[in-house]
Amino acid sequence: MNRKIIFILLLSFLLNSSFSNAIEIKHVAPREGSTLDQYALDLLKFLVEKSGAQAEFKIFNKFGAQTRREMLLQDGHYDIDWLGASKEIEGRATPIRFPIFRGLLGHRVFITNKETSKTLKRGMPFDELKNYNLIQGQGWGDVAILKDGGFSQVRTIANFENIFNMIDLTRVDLFPRAIIEPYGELRSRCNLDNKYVCTDKNMRIDDKLLLIYKLPMLYFVSPERQDIIKLLNTAFEEHYNDYLTFFNNHPLIKDALSKLKGRSIYHIKENSSLSEETNMIADKYWLNLKM
């Protein structure tokens, strides 16, 4: 038999053998313009690679509000998601208790409109800030945190895209986003200038204020996939220094940290929506920012 044919057959056998041994991981689909989602997916692939496993990644297109996603995850329709932690979510899916953003999810800046932006000022009293109308996604863990923190006007809707429409049409004032989220989100939805103002829409990112509360983003895995649960816990435990290198050198993290500077800071100190186990995640897994 021709050596070239033998080589092709051998290569095909090896590739098929490798593919057949790969585990399938069905993950939530990244949202449009979400650099947060892309980071979470990049990290997932990084951890699988560090574990020595081979995986075939498949996209699951999410449907409806976050609570709907959680139910689908619980029932095994897909395998893994990345979400802000809460007792409710932990009751449906298994948390991997290593904060993938080391707490940056709880460092919130505001997507707002140009009219509201004129009324926001550095150093404004916290009680004054609490009078603004906020919007969040239906089922998000932030809703309870914000209400417990004194924000009485928090509106929720299921459709993520409609949140931006509500801000653009001045039907709500502020859309709190983690420092790692809004720049990519607006850049994919409008012409965003170097001052983070949409030149073709009525939206912008506030550069004056920062709201901080404790909210880890964790991977949540379907209870049906104990193999993935074991793989990720082991990967974090055995390769945490590699994860720190990944985190510290990621462009999204570097950019986000630079955008925290020069803001007036407000704290919500309690997050009663966290489970006792998640609330006790060791300090070494959180970013220690002196602010």
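## Helix α10 and its surroundings

The buried residues of helix α10 pack against several elements: β1 (23–28), α2 (35–51), β3 (80–84), β4 (94–96), β11 (217–221) and α11 (240–249). The model described here is predicted. The residues of α10 that are buried are Ile228, Ile229, Leu231, Leu232, Ala235 and Phe236. Viewed down the axis of α10, these buried residues fall within an arc of 165°, so they line one face of the helix. On the face turned away from that buried side, α10 carries the exposed residues Lys230, Glu237 and Glu238.

The length of α10 can also be checked. With 13 residues (226–238) at 1.5 Å a residue, helix α10 should span 18 Å, and its end C-alpha atoms are indeed 18 Å apart.

## The nonpolar core

In soluble globular proteins, nonpolar side chains tend to be buried together. The largest nonpolar core of this model has 93 residues. Leu43, Phe101, Leu129, Ile180, Tyr219, Leu232 and Phe236 have the most contacts inside it. Helix α2 gives the most to this core, contributing nine residues.

Phe236, a buried residue of α10, illustrates these contacts. Leaving aside residues up to four places away in sequence, Phe236 touches Leu43, Leu47, Ile96, Phe98, Ile100, Tyr219 and Tyr243.

## Helix α2 and the crossover

Helix α2 has 17 residues and reaches 24 Å from its first C-alpha to its last, close to the 24 Å expected at 1.5 Å a residue. Its buried residues are Leu36, Asp37, Tyr39, Ala40, Leu41, Leu43, Leu44, Phe46, Leu47 and Val48. After α2 comes Gly52, whose phi is positive, near 90°.

Strands β1 and β2 (residues 55–60) pair in the parallel sense over six bridges. Within this pairing, His27 has Ile59 of β2 as its bridge partner. The chain passes from β1 through α2 to β2, forming a β-α-β crossover that is right-handed.

## Strands β8 and β12

Strand β8 (174–178) has five of its five residues buried, so it is largely enclosed by the rest of the structure. In a regular strand the side chains alternate between the two faces of the sheet. In β8 both faces are covered, with Leu174, Pro176 and Ala178 buried on one side and Phe175 and Arg177 buried on the other. Strand β5 (residues 107–112) runs antiparallel to β8 and is joined to it by five bridges. One bridge places Thr112 opposite its partner Leu174 in β8.

Strand β12 (residues 264–267) has a covered face with Ser264 and Tyr266, while Ile265 and His267 lie on an uncovered face. Strand β10 (residues 209–212) pairs with β12 in the parallel sense over four bridges. The bridge partner of Ile212 in β12 is His267.

## Positive phi values in loops

Most residues other than glycine have a negative phi. Thr170 has a positive phi, near 60°. Thr170 is placed in the loop between α8 (160–168) and β8, and it is partly exposed, with a relative accessible area of 41%.

Tyr196 also has a positive phi, near 65°. Tyr196 lies in the loop between α9 (182–187) and β9 (204–205). Its relative accessible area is 25%, and Tyr196 is therefore partly exposed.

Conventions: Residues numbered from 1 in each chain as written. Predicted model: local features only at pLDDT ≥ 70, side-chain atom pairs only at ≥ 80, totals over all residues. Heavy atoms only, no water. Helix = DSSP H or I, 4+ residues; strand = E, 2+ residues; numbered from the N terminus. Expected span 1.5 Å × (residues − 1). Buried < 20%, exposed > 50% of the residue type's maximum accessible area, 1.4 Å probe, protein only. Arc of directions from axis to C-beta. Contact = heavy atoms within 4.5 Å. Pairing = 2+ DSSP bridges. Right-handed = clockwise from strand over helix to strand, strands pointing away. Core = buried A, V, L, I, M, F, W, Y, C linked by side-chain atoms within 4.5 Å.
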